[in-house]
Amino acid sequence: VAMFDSSVPLLQHGSSKLGRAIHVWSIPALDTCPGSTAVCRELCYATRHRFRFDSVRRRLAWNRRQCDRPDFVERMIAEIRSSGVLVLRLHVAGDFFDAEYVGKWTAIVKRSPRVRFYGYTRSWGVPNIAPALEELAALKAVRLWWSVDDESGIPTNVPSTIRLAYLQ
């Protein structure tokens, strides 16, 4: 059996910081972060510590490939249901890299009514991704934070369903 074949679970349990009751979905940082700023890339925690281990890097790359599979949405929904996921953190590493990918998460959320989803994103500043993110954030089960810093500035129009997180 190849490492990380389609029988491998998509989700992982949270770290000691998040708690094991929270499930996580991550993809490689930087390449999937179209809204990142220079300071964000320089300080990115997802390029340090455990994220430098080969096993973690291979896992994140495998996760990224799963996003492109035609059965990604169905597989994710099935796993959420079979694993009894109650809370799912999107992107401990990585970000919403395009509008189609955001749409996949919108579909997953709509079909997972008992789950709460949350995450932080810098893709709010990418014009062709922002409308899809606003649609995702408007769903009752989702909490998104727009991540900001001095370089990104503060968005001029922040929907009421979104909060801001400041990089320090």
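A polar contact is a pair of N or O atoms within 3.5 Å, where, within protein, one must be able to donate a hydrogen and the other to accept it, and residues adjacent in sequence count only if both atoms are side-chain atoms. The model is predicted, so local features need pLDDT of at least 70 and side-chain atom pairs count only at pLDDT 80 or more, while totals for chains, interfaces and linings use all residues. Residues are numbered from 1 along each chain as its sequence is written, and side-chain values use heavy atoms, with hydrogens and water left out.

**Exercise 1.** Find where aspartate 95 sits and describe its surroundings.

*Solution.* Begin with the chain, where aspartate 95 belongs to the loop between β3 (87-90) and α4 (99-110); helices (H or I, at least four residues) and strands (E, at least two) are DSSP runs, numbered from the N terminus. Next, list contacts (heavy atoms within 4.5 Å): beyond neighbours within four places in sequence, the partners of aspartate 95 include Ile27, Tyr101 and Arg122.

**Exercise 2.** Which backbone atom lies 2.9 Å from a polar atom of the side chain of aspartate 95?

*Solution.* The atom is the backbone nitrogen of arginine 122. Then turn to the side chain of arginine 122, the nearest of opposite charge, which is 6.5 Å away from aspartate 95.

**Exercise 3.** Describe the secondary structure of the protein chain.

*Solution.* Count the elements to obtain five helices and six strands, and then read them from the N terminus as β-β-α-α-α-β-α-β-α-β-β. Finally, consider extent: the C-alpha atoms fill a box of roughly 50 × 35 × 30 Å, taken along the principal axes.

Definitions and conventions: Buried means under 20% relative accessible area, exposed over 50%, partly exposed in between (1.4 Å probe, protein chains only). Lys and Arg count as positive and Asp and Glu as negative; His and the chain ends are not counted. A salt bridge is a side-chain nitrogen of Lys or Arg within 4 Å of a carboxyl oxygen of Asp or Glu.
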